[in-house]
Amino acid sequence: MNLFENLALGLGVAVTPENLLYCLIGAVLGTLIGILPGLGPVATVAMLLPVTYALDPTTALIMLAGIYYGAQYGGSTTAILVNLPGEASSVVTAIDGYQMARQGRAGQALAIAALGSLFAGIVGTLLLAALAPTLANVAIGFGAAEYFSLMVLGLLGAVVLASGSVLKAVAMILFGLLLGCIGTDINSGAERYTFGVIELSDGIDFVVVAMGVFGLTEILRNVIRPETRDLVTAKVGGLFLSHDDVKAATPAVLRGTGLGALMGLLPGGGALLSSFAAYTIEKRLSHHPERFGKGAIEGVAGPESANNAAAQSSFVPMLTLGIPANATTALLMGAMMIHNIQPGPQVMSSHPDLFWGLIVSMLIGNVMLVILNLPMIGVWVKLLKIPYRLLYPAILVFITVGVFSIQNSTFLILLMLGFGLLGYLLSLFDFEPAPLLLGFILGPMVEDNFRRAMLISAGDWTTFFTRPVSATLLGLAALLLLVLVLPQVRQTREEAFRE
Amino acid sequence: MNRFVRKDALAGLFLMLSAGFFLLAGRGLAFGTFDMMGPGFVPVTLALALLALGFVLMVGALAGDGTGQRIDLPPGVFRAIAVIFAAILAFVLLLHPAGYVVSVAVMIIVAGLASTERRLGEILIAALLLSGITAVVFIELLGVPMPLWPAVLQ
């Protein structure tokens, strides 16, 4: 089947009334949590996973994906109007976006953020559609050794792209992998670290970990911070872009889209990092870098296009290799497994309706989001007035009930409480939770493939280096590690994160 | 500042203690050999690596000059954490005797007290509205198996 036949198949799936409705729900929820600070897509997708048990898997994924890319749209609204990142990936949007708003150009900033995101979203989705079949064809021949090496590469990629110390990011991955060992060992049937607790014998559900270290920890960190929200203006003003705006923003949108689409493909990449990189590049390339930080439209257009392009293209490794690029796609992968769909290269051939339906729904969702975020901006501005002190009790209710409903057990709520405390402790020490969650989710797969590869090779660990594909992947991983310790690269990496 | 309260020194110690826990609790798991790995092979190897990383982190912090190593603990944070924990515990303990509506309302009221900007009237209204709305959504619509009302009333 060629691309157009595939897209036609996807269109048939995506435009059923039910799927359109859930796509809209996902887009609305995504915008909502994007706008509200203190609630991110990881915690929201985790909270809603139990709700999707009853849905058709395609419908469930369409909605959950909508939350992820919808959050990229909503986050920019808060960044521009309140100078707070509604979403981590809109931190840099606030720099110039808020200045534009103070100059009475909030409407233009919002318009370029939404239109840039729309363009980037469509390009990112089409890239996904074009790349996925090829990549899946390559991956279908992978054995245990190749999968192990691929996951090592993925986990190391997460380290390179984490913002803090490399040592700490590696430590978090190891910690996550160790937590993933809890439960029954699939090879021997031995119980590991369960202490006889029945609820632990199947391992800890990743939703519990995600809600703890992302949802609850975030509440613990924010609840005592006095809140200052300076809504720059209740009136957004005209949304129309002038000829000069378009001229300045178009190249930034194109560059941001390209950069974001590429970075989203990398493991550990995704929306957050690509927006930082796009801002740095726009500033470097500009003839007037002094305008940045004072309301330059390129400073909004570049990062906003980049984060949305990356949000779309980060679905590529998850859908084609079965390896999540970041915490949110890891949760979406979990959603597939709940519905007994093993993520990996075979998804495209065994569930073409799910795969292509999801892709077409992303195109539709992006158009819905522009409509939701531009003409209806007034509704969302009102939501910005909800203070955090009213928001967090509501989040708490969703977290506890969500965790309970996984196994209908209050034990999981207590376990989540433990992970919330662990997450807070880790944040005190400047450890990031994202590599931990990624390690935790990949842990059982890493171990399974490692042990299977070793069993097949009768204990000969050189199998990882003698099989050409596996060796190449490990070579890339070693290269990544080497690059990390080079002082020059370290410096630019630190610079990029500081800006 | 005391060398031992530096951020990375404590971070390293924390990693070593965690690794120690996994080693100690996993000492009964068979390690096995390369061609026949036991259930302990992977966790023990990982824990040893974590132990080494924690050691490197701690030694590095103790040897460094200690700039940027202060742990940022905002005043009142322990009280806030304790209050949030109490709120969730109250929900867990009350759920079966008192039912969803009562236990969620209690959780919201207690949790609301954690904020430095709390206003009692607001919290009470939020508790009333949220417990009602979420009861309909979660229990009536989504069918989460929780008792709605106190056991004595049923």
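Chain B has an average pLDDT of 88, and 99% of its residues score at least 70, where pLDDT is the predictor's confidence in each residue on a scale from 0 to 100. For the complex, the predictor gives an ipTM of 0.93 and a pTM of 0.84. The model is predicted, and local features therefore need a pLDDT of at least 70, side-chain atom pairs count only at pLDDT 80 or more, and totals for chains, interfaces and linings use all residues. Residues are numbered from 1 along each chain as its sequence is written, while chains are lettered from A and ligands numbered from 1 in the order in which they are written.

Chain A contains 23 helices and two strands; helices (H or I, at least four residues) and strands (E, at least two) are DSSP runs, numbered from the N terminus. The radius of gyration of chain A is 22 Å, in agreement with the value near 23 Å for a compact globule of 499 residues. This radius is taken over C-alpha atoms, and the globule rule is 2.2 Å times the number of residues to the power 0.38. Along the principal axes, the C-alpha atoms of chain A fill a box of roughly 70 × 50 × 45 Å. Of the 499 residues in chain A, 59% are buried; a residue is buried if 20 or more other C-beta atoms lie within 10 Å of its own, exposed if 12 or fewer, and partly exposed in between, with C-beta atoms placed from the backbone. Of the contacts in chain A between residues at least 6 apart in sequence, 80% join residues at least 24 apart, a contact being a pair of residues whose C-beta atoms, placed from the backbone, lie within 7 Å.

Helix H6 of chain A (residues 106-139) has 34 residues and an expected span of 50 Å at 1.5 Å a residue, which agrees with the 46 Å between its end C-alpha atoms. The expected span is 1.5 Å times one less than the number of residues. H6(A) is kinked by about 35 degrees at A:Leu131, shortly before the proline A:Pro133; the bend at a residue is the angle between axes fitted to the seven residues ending there and the seven starting there. Because 25 of its 34 residues are buried, H6(A) is largely enclosed by the rest of the structure.

A:Gly183 lies in strand E1 (residues 183-184) of chain A and counts as partly exposed, with 17 C-beta neighbours inside 10 Å. Beyond its neighbours within four places in sequence, A:Gly183 contacts A:Arg192, A:Thr194, A:Leu200, A:Ser201, A:Asp202 and A:Gly203.

Most residues other than glycine have a negative phi. A:Tyr193, in the loop between strand E2 (191-192) and helix H9 (206-222) of chain A, has a positive phi of about 55 degrees. A:Asn340, in the loop between helix H14 (327-338) and helix H15 (347-350) of chain A, has a phi near 60 degrees. A:Tyr193 is partly exposed, with 19 other C-beta atoms within 10 Å, whereas A:Asn340 is exposed, with 7.

The contact between the chains takes 56 residues from chain B and 45 residues from chain A. The largest share of the chain B side, 15 residues, comes from H3(B). H3(B) spans only 14 Å between its end C-alpha atoms, against 52 Å for a straight helix of 36 residues, and bends by about 140 degrees at B:Gly99.

Key: Two residues are in contact if their C-beta atoms, placed from the backbone, lie within 7 Å.
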